[in-house]
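Here are my notes on the model you sent over. Have it open while you read, and go point by point.

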Amino acid sequence: MDFDFTTTASSSSASVAAANFTLPPFILTPLPHLADHLTDLPALPTPIDRIPFYHPSPGFYIAPSDIIVRHILFDLSSSDSTPSARLLAYHRAGPRQTIRFDPAAVRAAIVTCGGLCPGLNTVIRELVVGLWEIYGVRRIFGVPSGYRGFYSAEPVPLDPKMVDGWHKRGGTVLTTSRGGFNLEKIVDGIEKHGFNQVYCIGGDGTMRGAVKIFEEIQRRKLYVSLTGIPKTVDNDIGIIDRSFGFQTAVEMAQQAINAAHVEAESAVNGIGLVKLMGRSTGHIALHATLSSRDVDCCLIPENDFYLEGKGGLFEFLDQRLKQNGHAVVVVAEGAGQDIIPRTDAQKEEKDESGNPVFLDVGAWLKSELKNWWEQEHPGELFTVKYIDPTYMIRAVPANATDNLYCTLLAHSAIHGVMAGYTGFVSGPINGNYGYIPIQEIAVSKNLVDTKDHKWAWVRSVTNQPDFFRI
């Protein structure tokens, strides 16, 4: 669906008094719905209208015409008016007046997959409470052990009393795992247990798996709605503003950086080295650096670096130690993987999710720093304190910001599923919650743009080199 409009802009600038400009038409991204492959869906009034202690105000319900635009920044001086230019838009998330599930007939399944992340238990809790209290669903189940749990474990009945304090706990009470993805067995398990709503909580690997499950559900023409709730502390899922757990991870990373700073400052020629999460993106390292202001150098996967020679890391740290007597280096786990020596067997190694196994860049960098100092400054005092808080950060409960975010994600997902949408992910786009086809989320990546202002802020805080060889 296209939307076109013309806007007049005025300016008080002496050079430009007024200008007319036309933005390209919006393209509303199609959102999968159960009606796409089922013809006899029920159309029921939402039970929200019958909640005795809450009365929806005008405008409370979301209409099909309510949209969110993905891109909101425009260069009005641009002469690009090609016909191919289009603005993507998504359906807005929220409650609908008509639902496609009878709450009494709902059997909802909640599964957590992949690694741990702050907020997992909050999402589970709010899915259970939201389904139970808002829509009156009474058959809600947790699937243990990740995707393999659909065919290898018995579902766990959930209710608000059971999950009441889960948001205060780290990890996932349902337990999780990597791998175990057998498409036929998973969908057979969904059919066997009679699940007609499936809530998949996980990272990019989980979302790719959810796409396959969704497509198989469609192929079998099942009356099953599936939604994904993206989880990754790395914040590497694209389109949405951020993934849950990220804010907590940045906050917890401050403690590791503070400890590294104290250790470095308390030693002669001391370096505090902190490795943070970030396999393919450096968002945690970047935000933790900006928040801390004690970091001298931030190394991320999106920005290559080198050790020796003019403009390299060793030269920079040598200067910083002469100036301040200490330095703090933050490195994302995916940084420098191309310059760490490895065997042919290590190059081919994969984890259970099919991802390349990374070597420990922190331990390698610590060793290289010690070797460099011994060669360049033999006999002089030098200390490297290496801190890896990865599993401490992953295992903590969500902070207040992430707890609120998890609640909004869960409720947005519930409203979309009850309205009959399927194969989607709910998340904030420019501050407003929308529904995004899960296929788009599965292939999108949120990389740090080293050409934008945020990376420039890091460079201004640390004064680190750009690592361009001269």
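How closely do the axes of helix 7 and helix 9 approach, and at roughly what angle do they cross?

1. To take that pair of helices up straight away: this is a predicted model, and in it the axes of helix 7 (residues 313–324) and helix 9 (residues 361–376) come within 12 Å, crossing at roughly 65°. An angle of 65 to 115 degrees counts as roughly perpendicular, so helix 7 is roughly perpendicular to helix 9. On the helix 7 side, the contact is made by L313, F314, L317, D318 and L321. Helix 9 answers with L365, E368, L369, W372 and W373. As for handedness, helix 7 passes helix 9 in a right-handed crossing.

2. Now compare another pair, helix 1 (residues 120–135) and helix 11 (residues 400–418). Their axes come within 8 Å and cross at roughly 45°. That angle is why helix 1 and helix 11 are described as oblique to each other. The crossing of helix 1 past helix 11 is right-handed. Helix 1 makes the contact through T122, V123, E126, L127, G130, L131, I134 and Y135. From helix 11, the partners are N403, C406, T407, A410, H411, I414, H415 and M418.

3. Next, the nonpolar interior. The largest nonpolar core has 107 residues, and the members touching the most others are I110, F150 and F244. Helix 1 gives the most to this core, 9 residues. If you want one side chain to click on, try F150: leaving aside residues up to four places away in sequence, F150 touches A109, V111, V143, I186, G189, I190, H193, F195 and V198. There is also a second, separate core of 26 residues, and F305, L321, V361 and W373 are among them. You have met L321 and W373 already, in the contact between helix 7 and helix 9. As background, nonpolar side chains tend to be buried together in soluble globular proteins.

4. V396 deserves a look too. You'll find V396 in the loop between helix 10 (390–394) and helix 11. Is V396 buried or exposed? Its relative accessible area is 16%, and the cut-off for buried is under 20%, so V396 is buried. The C-alpha atoms of V396 and R169 are separated by 7.3 Å, though the two residues are 227 apart along the chain. Not counting residues up to four places away in sequence, V396 touches P118, G170, T248 and M252.

5. Two asparagines have backbone angles to check. Most residues other than glycine have a negative phi. N269, however, has a positive phi of about 50°, and phi of N463 is also positive, near 55°. Where do they sit? N269 is in the loop between helix 5 (246–265) and strand 12 (270–276), while N463 lies in the segment after helix 13 (453–462). N269 counts as buried because its relative accessibility is 16%, whereas N463, at 53%, counts as exposed.

6. Last, confidence. The protein averages a pLDDT of 91, and 93% of the residues score at least 70. The stretch to watch is residues 5–18, where pLDDT stays under 50. The model has 17 contacts for that stretch beyond four places in sequence. Where pLDDT is low, the predicted coordinates should not be read in detail.

Conventions: Residues numbered from 1 in each chain as written. Predicted model: local features only at pLDDT ≥ 70, side-chain atom pairs only at ≥ 80, totals over all residues. Heavy atoms only, no water. pLDDT = per-residue confidence, 0-100. Contact = heavy atoms within 4.5 Å. Core = buried A, V, L, I, M, F, W, Y, C linked by side-chain atoms within 4.5 Å. Buried < 20%, exposed > 50% of the residue type's maximum accessible area, 1.4 Å probe, protein only. Helix = DSSP H or I, 4+ residues; strand = E, 2+ residues; numbered from the N terminus. Axes fitted to C-alpha atoms, helices over the stretch in contact; angles between N-to-C directions. Parallel < 35°, antiparallel > 145°, perpendicular 65-115°, else oblique. Left-handed = near helix turned anticlockwise from the far one by under 90°.
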